[in-house]
Amino acid sequence: MAKVKWAEGIEYVSGLLSKRPKAGKMHSDHGCALLATHRVAATTNPVCTRLYMVGPYKRSTPVGAREAQARTRFAAVARAVNTRKNDLMNMTTDQANFLAQKDLAGGKKTYKAYLWSICGDAYDAEHNG
């Protein structure tokens, strides 16, 4: 196994280190990307950084009905969240309601999670009756 020695001042490297080829480009099926992960854990193992070559992914099964519904719901809720967070009519009320529920048990800890919850509930009520 190869070892990586970091230069002074570099604590760790994490994330995608090379770009994937864009779809439709010449030889895009053969492209790989270099991915680094770093974990922080109480352990005696000093090797906490790993490097992976991520190759192309080809799906082996078609998209099912449940997955298609989940994708549709995700896209609709994402649009609703983006619309709502920029809506000046709801912004003050939403921020006040977020702060009121944030420290309660089961409350959403971030404003974005709160908006996702509100818009997701509205989508479910509209589509599931």
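**A tour by way of the salt bridges**

Select D94 and R84 to begin: their side chains form a salt bridge, with N and O 2.8 Å apart. This pair joins distant parts of the chain, since D94 belongs to helix α2 and R84 to helix α1, 10 residues apart. Please note that the model on display is a predicted one.

Keep the pair selected and colour the two residues by accessibility. Which of the categories buried, partly exposed and exposed applies to D94? D94 has a relative accessible area of 2%, under the 20% limit, and therefore counts as buried. R84, at 25% relative accessibility, is partly exposed.

Next, display the surroundings of D94. Leaving aside residues up to four places away in sequence, D94 is in contact with R84, Y111, Y114 and L115.

Now select helix α2, residues 88-101, and helix α3, residues 111-128. How do these two helices pack? Their axes lie 10 Å apart and make an angle of about 105°. That angle falls between 65 and 115 degrees, so α2 and α3 are roughly perpendicular to each other. To see the contact itself, show M91, D94, Q95, N97, F98 and Q101 on α2, together with Y111, Y114 and L115 on α3. Five of the residues in this contact are nonpolar, three are polar and one is charged.

Move to helix α1, residues 65-85, and select E67 and R71. The two residues are four positions apart, about one turn of the helix, and they form a salt bridge whose closest N and O atoms are 2.9 Å apart. Add R59 to the selection: E67 also forms a salt bridge with R59, at 2.5 Å between the closest N and O atoms. R59, E67 and R71 are thus linked in a network of salt bridges. How accessible is E67? E67 is partly exposed, with a relative accessible area of 28%. R59 is likewise partly exposed, at 39%, and R71 is partly exposed at 46%. The salt bridges in the model number four.

Finally, return to the whole chain and colour by secondary structure. The protein chain has three helices and three strands, in the order β-β-β-α-α-α from the N terminus. Of its 129 residues, 15% count as buried. Its accessible surface is about 10,500 Å², with 57% belonging to carbon and sulfur atoms. Among contacts with a separation of 6 or more, 33% are between residues 24 or more positions apart.

How values were computed: Residues numbered from 1 in each chain as written. Predicted model: local features only at pLDDT ≥ 70, side-chain atom pairs only at ≥ 80, totals over all residues. Heavy atoms only, no water. Buried < 20%, exposed > 50% of the residue type's maximum accessible area, 1.4 Å probe, protein only. Contact = heavy atoms within 4.5 Å. Areas by Shrake-Rupley, 256 points an atom, 1.4 Å probe, with all protein chains shown as cover. Axes fitted to C-alpha atoms, helices over the stretch in contact; angles between N-to-C directions. Parallel < 35°, antiparallel > 145°, perpendicular 65-115°, else oblique. Nonpolar A, V, L, I, M, F, W, Y, C, P; charged D, E, K, R; others polar.
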